[in-house]
Amino acid sequence: MTTVVAQGTFDILHPGHVHYLEEAAGMGDELHVIVARRENVTHKEQPVLSNRQRRDMVAALAAVTEAHVGHPEDFFVPIREIDPDVIALGYDQHHDEEKLAGALEEAGLDCRVERASGREEVHDDELLSTGKIIDRICRERCD
Ligand SMILES: Cc1cc2nc3c(=O)[nH]c(=O)nc-3n(C[C@H](O)[C@H](O)[C@H](O)COP(=O)(O)O)c2cc1C
Ligand SMILES: Nc1ncnc2c1ncn2[C@@H]1O[C@H](COP(=O)(O)OP(=O)(O)OP(=O)(O)O)[C@@H](O)[C@H]1O
């Protein structure tokens, strides 16, 4: 049984998220997703939707075995609980693969790190980013 972990913010789901989670699920038998806590999203605008709502929407996707709200401080707490064989990083995530692999090894966790691919725009007018969806809402629905 190969357990995979994916993680991210997942604020307003779109086909790019589905692509990432389906690819991550294909790396093993079970996919657990750690949803970042709002206060830990510091590299961009904080999510509009609550921790719980984002977790519940991710959990509803067919590729996902279980979704978890992340730990407030120590990112290795959920990792130790889930005990994955693979951590799948998203195509544009800022985490360094080698640094993460080194930190896992130091923590005594036997887990490899993979990088998922990005989804190209397949259909006309696809918005494959939560930020772009919010920008369009602001442009078209707000004064
Ligand atoms: C292995 C790993 C474990 C993580 N665990 C948590 C966690 O427990 N709690 C949390 O708030 N964020 C956690 N994160 C951070 C976020 O999921 C994510 O890296 C970031 O904040 C948002 O990424 P995004 O912009 O791609 O959505 C973890 C990240 C990694 C790589
Ligand atoms: N177009 C895409 N193709 C593949 N993976 C994606 C795509 N968009 C997001 N992801 C992945 O989904 C996970 C969660 O991403 P995140 O919640 O940051 O979405 P986002 O739409 O990129 O957000 P924002 O637009 O606010 O930066 C990350 O691992 C990210 O790499």
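These are my notebook entries on a predicted model of a protein with two ligands.

**Ground rules.** I number residues from 1 along each chain as its sequence is written, and I letter chains from A and number ligands from 1 in the order in which they are written. Since this is a predicted model, local features need pLDDT of at least 70 and side-chain atom pairs count only at pLDDT 80 or more, while totals for chains, interfaces and linings use all residues.

**Overall layout.** I looked up the secondary structure and found five helices and five strands. Helices (H or I, at least four residues) and strands (E, at least two) are DSSP runs, numbered from the N terminus. Along the sequence I read the pattern β-α-β-α-β-α-β-α-β-α.

I then checked the size. The C-alpha atoms fill a box of roughly 55 × 30 × 25 Å, taken along the principal axes. A compact globule of 143 residues would have a radius of gyration near 15 Å, and the protein has 15 Å, which agrees. That radius is taken over C-alpha atoms, and the globule rule is 2.2 Å times the number of residues to the power 0.38.

**Burial and contacts.** Of the 143 residues, 25% count as buried. Buried means that 20 or more other C-beta atoms lie within 10 Å of a residue's own; exposed means 12 or fewer, partly exposed is in between, and C-beta atoms are placed from the backbone. Two residues are in contact if their C-beta atoms, placed from the backbone, lie within 7 Å. Among contacts with a separation of 6 or more, 72% join residues 24 or more positions apart.

**The core.** The largest nonpolar core has 21 residues, and Val4, Ala6, Ala24, Val33 and Ala88 have the most contacts inside it. The elements giving two or more residues to this core are β1 (3–8), α1, β2 (30–35) and β4 (86–89). Such a core is a set of buried Ala, Val, Leu, Ile, Met, Phe, Trp, Tyr and Cys residues joined through C-beta atoms within 7 Å. I followed Val4 further: leaving aside neighbours within four places in sequence, its contacts include Ala24, Met27, Leu31, Pro84 and Ala88.

**Ligand 1.** I found 17 residues around ligand 1, the closest being Gly8, Thr9, Asn40, Gly70 and Phe75. A residue is near a molecule if its C-beta atom, placed from the backbone, lies within 6 Å of it. β1 and α3 (76–82) each supply at least two residues of this shell.

**Ligand 2.** Of the 19 residues around ligand 2, Gly8, Gly16, Gly90, Leu128 and Gly131 come nearest. Two or more residues come from each of α1 (15–25) and α5, and α1 gives the most, with four.

**Open helices.** Which helix has twelve residues but one buried? I found that this is α5, so it lies largely in the open. Its end C-alpha atoms are 16 Å apart, in agreement with the 16 Å expected for residues 130–141 at 1.5 Å a residue; the expected span is 1.5 Å times one less than the number of residues. Helix α4 (residues 97–106) has zero of its ten residues buried, so α4 also lies largely in the open. Just after α4, Gly108 takes a positive phi of about 80 degrees.

**Unusual turns of the backbone.** Ile12, not a glycine, has a positive phi of about 70 degrees. Ile12 sits in the loop between β1 and α1 and counts as partly exposed, with 18 C-beta neighbours inside 10 Å. Asp125, in the loop between β5 (112–115) and α5, has a positive phi near 60 degrees. With 6 C-beta neighbours inside 10 Å, Asp125 counts as exposed.
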